Amino acid sequence: MTPRDDDRRLDSPPLQGRGRGWGLSASTIDRMHGRASAMRHNPTEPEKRLWSRLSQSQLGGFKFRRQATIGMVIVDFLCPQKGMIVEVDGHTHGDAASDERRDAALAVLGFRTVRFTNTDVMQNIEGVLARLLDELRALPDRRTPHPNPSPEGEGLER
């Protein structure tokens, strides 16, 4: 059995899988990653356009991931270094109250969400990129704990 197969066992503890589990079962993590993968293979036109400008660290040297999973949430774009989430919302997008609750829950985890409309991305991509770059430069680097800290706690204090 490979380590990846071992991570997927249904009887495994919730935080298995190199600490990426967010307290979720292995089957739930697998399901979320499958949904994110399907979304990456079928992006909207605004997502394609924005990704063509964010991929390969083109925006100020900042790396982005697309359709990244954070717990039970799949975000459009994520800059892990800064903890910035970028969402592209269409005119058929859900209600604002739901977005606010989701953004607040992600903020508790240390993420900042920036939202743009499809129209913004399609008609003013340079303005979108300028705002993103300003926001990225203003945010401090996100400090994440080491996935395997030493038992003595060494390296946790700076």
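Strand β3 sends Met84, Val86 and Val88 to one side and Ile85, Glu87 and Asp89 to the other, and all of these residues are buried. That two-sided pattern is what one expects, since side chains in a regular strand alternate between the two faces of the sheet. The structure here is a predicted model. With 6 of its 6 residues buried, β3 (residues 84–89) is largely enclosed by the rest of the structure.

Who are the partners of this strand? β3 pairs with strand β2 (residues 73–79) in the antiparallel sense, over 3 bridges. It also pairs with strand β4 (residues 112–117), here in the parallel sense and over 6 bridges. Two bridges help you find your way in the viewer: phenylalanine 77 is matched with valine 86 of β3, while isoleucine 85 has threonine 113 of β4 as its bridge partner. Between β2 and β3 lies a hairpin with 4 residues between the strands, where glycine 83 adopts a positive phi near 70°.

Positive phi values also turn up at two residues that are not glycine: serine 57 and glutamine 67. The table sets them side by side.

| Residue | Phi | Place | Relative accessible area |
|---|---|---|---|
| Serine 57 | near 55° | loop between α3 (45–54) and β1 (65–70) | 23%, partly exposed |
| Glutamine 67 | about 50° | strand β1 | 4%, buried |

Serine 57 counts as partly exposed because its 23% lies between the cut-offs of 20% and 50%. Glutamine 67, at 4%, is buried, as the limit for that label is under 20%.

Now for a helix. α2 covers residues 26–41, which makes 16 residues, and spans 23 Å from its first C-alpha to its last, close to the 22 Å expected at 1.5 Å a residue. Its buried residues are Ala26, Thr28, Ile29, Met32 and Ala36. Viewed down the axis of α2, these buried residues fall within an arc of 160°, so they line one face of the helix.

Stepping back to the whole protein chain, there are 6 helices and 4 strands. Their order from the N terminus is α-α-α-β-β-β-α-β-α-α. Of the 158 residues, 34% are buried. Contacts between residues at least 6 apart in sequence include 54% that join residues at least 24 apart. The accessible surface of the chain is about 10000 Å², and carbon and sulfur atoms account for 51% of that area.

Conventions: Residues are numbered from 1 along each chain as its sequence is written. This is a predicted model: local features need pLDDT of at least 70, side-chain atom pairs count only at pLDDT 80 or more; totals for chains, interfaces and linings use all residues. Side-chain values use heavy atoms; hydrogens and water are left out. The expected span of a helix is 1.5 Å times one less than its number of residues. Buried means under 20% relative accessible area, exposed over 50%, partly exposed in between (1.4 Å probe, protein chains only). The arc is that of the directions from the helix axis to the C-beta atoms. Two strands pair if DSSP finds at least two bridges between them. Contact means heavy atoms within 4.5 Å. Accessible areas come from the Shrake-Rupley method with a 1.4 Å probe; for residues, only the protein chains shown count as cover.
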